[in-house]
Amino acid sequence: MSAQATKALVLHQNIRKIAGKNWGISQQHRRILYKTVVERMLAHGAAAWCLKITAKIARKLTSIQRPFLLSITGAYRTSPTAALQVITGLPPLHLQLQQEARHITLTRLKKPLSPEITDIQPSQIESKAKGWTLHPSLFLNTNQICMTDGGPESLADTRAFHIFTDGSKTDEGVGAAYCIFKNKIITHQWKGQLQKYNTVFQAEITALREAIQYASENLKDHQVKVYVDNQASLYAIANPKTKAQIARQIFKNLIDNPNIKVSWIKAHANYPGNEKADELAKEATTTGQPYTVLLPTSHIKSVLKACLLRDWQELWTKGNTGRPIHKVLPKVSLHTQNWSRELSIFLMEHGPFPTYLHRFRLSQTDYCNCGGIGSPIHYATECPFTLSWHLKTPASSNIDPWRKSIAQNKILSNKICELIRFIHQNNDLFKIN
């Protein structure tokens, strides 16, 4: 941990060289550098030491993360860490690393997590295959997979069996289907209903596998042409080193059945077979035969991300710091707010205000030179020195909605930014002599 902290310190110094509080690369680029460089470096080996977080490790990781949050936002160094995390959309570092440790434990180490996190077992997760599907000397015929539009051919050739496959994912569910045509007449069709957590790619390639499996068992003595409107599926089955298990099964089946050819078809081009397959796939989302496919890793990530957001929300709700920001942003999010430095200073109330300076014993009084209490709302609504940037004074019961409106309204936030810049540039004007 100490070695990683030292590396993080060097990285922070490098960021300071290319970006200060109000100069250099943009806030968005600072955040990207943190996510792609700093966080990746700290996440190395997290599965070994970050699965069960202790209070000591959490405090250490927070102290490592804090300087980067200050550099990203340009906020005052006394700004609360919890508020900076919510503003930038960067969760507490110990929760982020714990999420990655859980993901590695479940998907790569094949160890189950505690039931309060998830009841998903490693055997239920789709794993990536390695190496060659078959011996390199075994390969598909050159014309067995075609990437050009086979729609016109499907309408002209009446000797072969034409199989159209499709997959669909809607709010109601996930479905896969195929239909077989001979002389423009449907001879067979199949519909399978997958689980809602399955992906569109899984639906598409499942429909393709079932179609080829049916053709290999029932149409061995006939020419069979299978049409797919998803090129990702074709690239997967054409790759002899594909990592998708279902694609490997299709590859082996095609090797054993050279009479089956697979072609891409342009979607929504008014080809009758493709339109019928699309219709069946949509029906399969609710009325198809139940069909089980392993959990995609994307679903595991979404489950663990939900756990992270739940734990982060609990920390943010029960925390004691950053309450002014909590009133504006009560719900945490992984998306940055894209607030300017000046807007963050105003809403956090950590800035060139007498109330802030007096609180941290940097000034003997919290009064402004005009005689009023030098709070952020005073400068935004009452102070005669800032008359050009005044906003309408809110009622005492509407201060929180007023602050929210400033954060959400670009015109109001720009006016506040100009106000804070004026205060910074004319700081002596507001000090009591």
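Four charged residues, K35, E39, R40 and E100, are joined in a network of salt bridges. The model is predicted. One link of the network is the contact between the side chains of E39 and K35, at 2.9 Å from N to O. Both residues sit in helix α2, which covers residues 27-42. They are four residues apart, about one turn of the helix. E39 is buried, at 3% relative accessibility. K35 is partly exposed, at 26%.

**Salt bridges**

The whole structure holds nine salt bridges. Three of them are listed here, each with its N to O distance.

| Pair | Distance | Location |
|---|---|---|
| E39 and K35 | 2.9 Å | both in helix α2 (residues 27-42) |
| E283 and K191 | 3.3 Å | helix α11 (residues 272-287) and strand β4 |
| R403 and E349 | 3.4 Å | helix α17 (residues 399-408) and the loop between α14 and α15 |

E283 and K191 form a salt bridge with their closest N and O atoms 3.3 Å apart. This pair links distant parts of the chain, 92 residues apart. E283 counts as partly exposed, at 31% relative accessibility. K191 is partly exposed too, with a relative accessible area of 23%.

R403 and E349 also form a salt bridge, with the closest N and O atoms 3.4 Å apart. Here too the pair links distant parts of the chain, with the two positions 54 residues apart. R403 is buried, because its relative accessible area is 7% and the cut-off for buried is under 20%. E349 is partly exposed, at 34%.

**The sheet and its helices**

K191 lies in strand β4, and that strand belongs to a wider sheet. How many strands form the open sheet, and in what order? Seven strands form it, in the order β1-β6-β5-β2-β3-β4-β7. The pairing is mixed. At the edges are β1 (145-146) and β7 (289-290), each of which pairs on one side only.

Strand β4 spans residues 185-194 and pairs with β7 in the parallel sense, over two bridges. In β7, Q289 is the bridge partner of G192.

Two helices lie across strands of the sheet. Helix α8, residues 200-218, lies across β2, β3, β4, β5 and β6. It runs at about 155 degrees to β2. Helix α9, residues 231-238, lies across β1, β5 and β6. Its angle to β6 is about 140 degrees.

**Loops and surface**

Most residues other than glycine have a negative phi. Which sign does phi take at H268? H268 has a positive phi of about 55 degrees, although it is not a glycine. Its place is the loop between β6 and α11. H268 is exposed, with a relative accessible area of 60%.

R361 also has a positive phi, near 60 degrees. R361 lies in the loop between α15 and α16. It is exposed, with a relative accessible area of 79%.

The loop between α15 (354-359) and α16 (376-381) also holds Y367. Y367 is partly exposed, at 40% relative accessible area. Together with I373 and I432, Y367 forms a nonpolar patch on the surface. The accessible area of these residues together is about 270 Å².

Technical notes. Residues numbered from 1 in each chain as written. Predicted model: local features only at pLDDT ≥ 70, side-chain atom pairs only at ≥ 80, totals over all residues. Heavy atoms only, no water. Patch = residues over 30% accessible without salt bridge, like charges linked within 9 Å, V, L, I, M, F, W, Y side chains within 5 Å. Areas by Shrake-Rupley, 256 points an atom, 1.4 Å probe, with all protein chains shown as cover. Buried < 20%, exposed > 50% of the residue type's maximum accessible area, 1.4 Å probe, protein only. Pairing = 2+ DSSP bridges. Contact = heavy atoms within 4.5 Å. Axes fitted to C-alpha atoms, helices over the stretch in contact; angles between N-to-C directions.
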